[in-house]
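Visitor: Could you pick one part of this structure and take me through it closely? I would like to follow the contacts outward from there, with the burial of the residues along the way.

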Amino acid sequence: MTVSETITYKEIKSQPEIWKKVISQCPERVERFVNQLQQENADEIFFIGCGTSYYLAQALAFVYSQKLKMRAFALPASEILFHENAYLHGPSKKLFHLISRSGETSEMVAAAKKLKAKGYPVSAVTCRASSSMAQMSDITIAVNEADEESIVMTRSFTSMFITMVYAAEQLAGAVTIDRQIAETAAHTIERCEEKISAFIQNNPIETFVFLGSGMLYGFANEAMLKMKEMTLSNSEAFHPFEYRHGPKSLVSKDVFVTLFASHEACHEELQLMKEIKELHGKAMVIAASGNNRTNLHAELDFEVSHLTNEQAGLIGLVIVQLMGCYLAEQKGLNIDSPRNLTQVVKL
Ligand SMILES: O=P(O)(O)OC[C@H]1O[C@](O)(CO)[C@@H](O)[C@@H]1O
């Protein structure tokens with residue numbers, strides 16, 4: 001079976017079309033959640049998830065902190081189950097937002113039960129409206145059209161992200177997420193897919209590093225997880241400037257470092273990539289134009305001009321997902337059946 005015949009590849013490629021549907025549903029879909037956030041007047045919001053959904057929580061916590069100036073945190077569900085004393089205390093008014101494609105991950109269902117029993121307001125985003133987690137939540141945002149047959153999460157991550165960013169932007173009074181991102185993504189994929197597949201054919205990489213700051217740290221983590229799940233490669237993620245504090249000692253010609261450049265720190269982040277290149281690492285950059293990188297000589301360089309960090313992250317992640325497909329094919333792995341993984345983790 002070639003990679004283009006796999007369900008995972010088809011779901012990855014379906015993203016621009018799915019995003020159009022998701023975006024058209026957003027205004028109606030987020031309405032109750034937006035009202036809840038306005039009415040509860042909460043001090044803190046906790047985004048909870050497992051695996052990919054936890055990395056989505058990280059990205060969303062940053063988006064909500066930045067756009068809504070509220071205290072927003074991301075936690076894996078197990079923290080609520082085993083270390084509640086560290087989180088469920090104090091006079092602050094807390095909201096909990098649960099994230100799960102399936103809505104059936106055991107830790108998520110147990111966390112929902114615990115939070116409800118303690119009387120906290122609980123909302124959720126999922127791809128399965130009738131799941132156990134959805135049933136237990138006060139408000140559920142169901143992004144059903146983004147559900148997947150594949151084991152690894154790809155379009156479910158990006159579609160739930162788009163929906164939750166839309167909600168935050170609506171509350172902040174400045175919506176930037178629109179159909180244009182789907183058009184731009186389709187165009188970029190068309191332009192870069194051959195480049196990615198050719199690069200992978202000529203560079204059998206075993207070690208990946210993903211760098212991203214702010215909101216893009218969650219995306220770097222998700223990219224890291226995709227490479228592990230799809231290609232069984234060593235893969236790590238860092239805040240860019242943390243990479244200088246130790247991990248940099250491992251850079252060699254066999255290490256492939258991807259930067260999800262942020263608007264706020266692009267200049268400095270590209271300087272770091274230059275250091276990595278000087279140590280003979282291989283580099284991929286996903287950055288806006290206008291940032292001088294002519295001397296960087298990155299092996300792959302994708303321009304995401306005129307895009308917000310959120311939009312650039314979405315396109316960058318699709319690029320990494322496709323890279324995962326081609327590397328898996330080269331290694332003889334079936335991405336529809338990743339080693340030791342199941343679609344839903346039940347304990
Ligand atoms: O979002 P859900 O359904 O809770 O699942 C989360 C995790 O489960 C998996 O699908 C399988 O382990 C991971 O890919 C993902 O990170």
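Guide: Happily; we will start at a pair of helices, follow their surroundings, and end with a shorter look at the earlier part of the chain. Please keep in mind throughout that this is a predicted model.

The helices are H10, residues 180–202, and H13, residues 309–330, whose axes come within 9 Å and cross at roughly 35°. If you want the hand of the crossing, it is right-handed. On the H10 side, the residues in contact include Ile181, Ala185, Ile189, Cys192, Ile196 and Ile200. Among their counterparts in H13 are Leu314, Ile315, Val318, Leu322, Tyr326 and Leu327. Taken together, the residues of this contact comprise 15 that are nonpolar, six that are polar and one that is charged. Glu193 is on the list from H10, and it is the charged one, because Glu belongs to the charged class and the polar class takes in residues such as Gln, Ser and Thr.

Leu327 gives us a way out of the helix pair. Besides its place in the contact with H10, Leu327 is touched by Ser233. Ser233 sits in the loop that joins helix H11 (216–231) to strand S7 (234–238). A loop serine might make you wonder: is Ser233 buried or exposed? Its relative accessibility is 5%, so Ser233 counts as buried, the cut-off being under 20%. Beyond its sequence neighbours, Ser233 touches Ile205, Glu206, Phe208, Met227, Lys228 and Lys331 as well as Leu327. For a sense of scale, the C-alpha atoms of Ser233 and Thr294 are 30 Å apart, with the two positions 61 residues apart in sequence.

Phe208, one of the residues that Ser233 touches, takes us on to the strands. Across the whole model there are 12 aromatic pairs. In one of them, the ring centres of Phe208 and Phe256 are 5.8 Å apart and the planes stand at 85°, so the pair is edge-to-face. Phe208 belongs to strand S6 (residues 207–212) and Phe256 to strand S8 (residues 255–260), so the pair links parts of the chain 48 residues apart. Phe208 counts as buried at 1% relative accessibility, and Phe256 is buried as well, at 0%.

Now stay in strand S8, where Thr258 also lies. With a relative accessible area of 0%, Thr258 is buried. Apart from nearby residues in sequence, Thr258 is in contact with Val209, Phe210, Leu211, Met284 and Ile286. Val209, Phe210 and Leu211 fall within the range of S6, while Met284 and Ile286 fall within strand S9 (282–287).

Two histidines in loops are worth a stop here. His280 lies between helix H12 (266–278) and strand S9, and its phi is near 75°, a positive value in a residue other than glycine. His280 is exposed, at 59% relative accessible area. His306 is in the loop from strand S10 (300–303) to H13, which brings us back to the helix we began with. His306 also has a positive phi, about 60°, and at 80% relative accessible area His306 is exposed.

How does the UniProt record divide the chain? An unreviewed entry places the feature "domain: SIS" at residues 33–181 and 196–338. Over the stretch 33–181, the chain is 48% helix and 19% strand, with its end C-alpha atoms 23 Å apart. Thr163 lies in helix H9 (residues 155–172) and is buried at 0% relative accessibility. Among its contacts away from the neighbouring sequence are Val22, Cys26 and Ile141.

Leu75, in strand S2 (residues 71–76), is buried too, at 8%. Its contacts beyond four places in sequence include Phe46, Phe47, Tyr54 and Tyr87. The C-alpha atoms of Leu75 and Phe47 are 6.3 Å apart, across 28 residues of sequence. Phe46, for its part, joins Phe73, Phe96 and Tyr120 in one aromatic cluster. The unreviewed UniProt entry also places a "transmembrane region" at residues 45–64; in the model that span is 65% helix and 25% strand, and its end C-alpha atoms lie 8 Å apart.

Notes
Residues numbered from 1 in each chain as written. Predicted model: local features only at pLDDT ≥ 70, side-chain atom pairs only at ≥ 80, totals over all residues. Heavy atoms only, no water. UniProt positions renumbered as here; feature names shortened; annotations may be inferred. Helix = DSSP H or I, 4+ residues; strand = E, 2+ residues; numbered from the N terminus. Axes fitted to C-alpha atoms, helices over the stretch in contact; angles between N-to-C directions. Left-handed = near helix turned anticlockwise from the far one by under 90°. Contact = heavy atoms within 4.5 Å. Phe/Tyr/Trp six-rings, centres within 6.5 Å; stacked < 30°, edge-to-face > 60°. Buried < 20%, exposed > 50% of the residue type's maximum accessible area, 1.4 Å probe, protein only.
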